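Reader: I have a new structure open and would like to learn how to read it. Could you walk me through it?

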Amino acid sequence: MTRLLVVETSPRGNYSISRNMTRGFVAEWQAAHSDGEVTTRDLMETDLQFIGAPWLQAYFTPSEQHSPEMKAELALSDELVGELLACDHLVVATPVYNYNVPAALKAWIDSIVRKGMTLGFDGKGLVTGKKATVLMASGGVYTEGSPIRDRDIATQYLRLVLGVIGIADVTVVAGGGAKAVDMRETTMEDFIETLQPAIEAAAA
């Protein structure tokens, strides 16, 4: 059985471009993988924590020495890592805020980059044999030829982090110019339709 893990980030519900991109992707993926299993991790419905001193103390303490409090501190991180390791294909659907990823997605990343679990003590990634698709909605257009291409920090960051943990096969579907939907210059349906070929290719 092929397993898809979808990580949703946007707080905008049905008004979210990235979530609408996800719907199209999942439909295409399920059509191509009739026996596939989809797990959705909605970061807006997850009690994510920002890394603090108790978490770091637990992280740097050998597991056999963990107190009940330390185990509780890492419980959500352990769950998120387990979801990642169990999937064959990871989808990260995200808006872009001020050229980078939202704080909730950064918190998820900080929870799943774990020495000894997703990252070897030698610095080599342990999440191998998987592929990832990034579905990204941004107000600006950062694709090849754009005069603001150098501001495409979010794409560079996600490729870097995924590569560090061992996922080198990364496809980015860039929904640039998404502010046109909010400004009512186009409809959600028409905007998503322009991205459909790339979404279909990524889901195949």
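Author: We will look at the sheet, one helix, and then the empty spaces. This is a predicted model, in which local features need pLDDT of at least 70, side-chain atom pairs count only at pLDDT 80 or more, and totals for chains, interfaces and linings use all residues. Residues are numbered from 1 along each chain as its sequence is written, and side-chain values use heavy atoms, with hydrogens and water left out.

Reader: Thanks! In what order do the five strands of the open sheet lie?

Author: Strands of a sheet pair through backbone hydrogen bonds, either parallel or antiparallel. Here the order is S2-S1-S3-S4-S5, with parallel pairing. Strands are DSSP runs of E with at least two residues, helices are runs of H or I with at least four, and both are numbered from the N terminus. Two strands pair if DSSP finds at least two bridges between them. S2 (37–42) and S5 (169–176) are the edge strands, each pairing on one side only.

Reader: Over how many bridges do S3 and S4 pair?

Author: S3 (residues 89–95) and S4 (residues 131–138) pair over seven bridges, in the parallel sense. You can find histidine 89 opposite lysine 131 in S4.

Reader: How far apart are the end C-alpha atoms of helix H1?

Author: They are 23 Å apart, which agrees with the 22 Å that the 16 residues of H1 (residues 17–32) should span at 1.5 Å a residue. The expected span is 1.5 Å times one less than the number of residues.

Reader: Now the empty spaces: how many cavities of 30 Å³ or more are found?

Author: Rolling a probe the size of a water molecule over the atoms shows where empty space is left. On a 1 Å grid over the protein atoms alone, a cavity is a set of points where a 1.4 Å probe fits but cannot get out, a pocket is an open set with protein on both sides within 12 Å along at least five of seven lines, and lining residues have an atom within 4 Å of a point. Grid points are joined across faces, edges and corners, and a volume is the space filled by probe spheres set on the points. The search finds one such cavity. The largest cavity has a volume of about 40 Å³, and its lining includes Val92 and Trp108.

Reader: And which residues lie closest to the centre of the largest pocket?

Author: Of its 20 lining residues, those are Pro95, Val96, Ala137, Ser138 and Gly139. The volume of the largest pocket is about 300 Å³.
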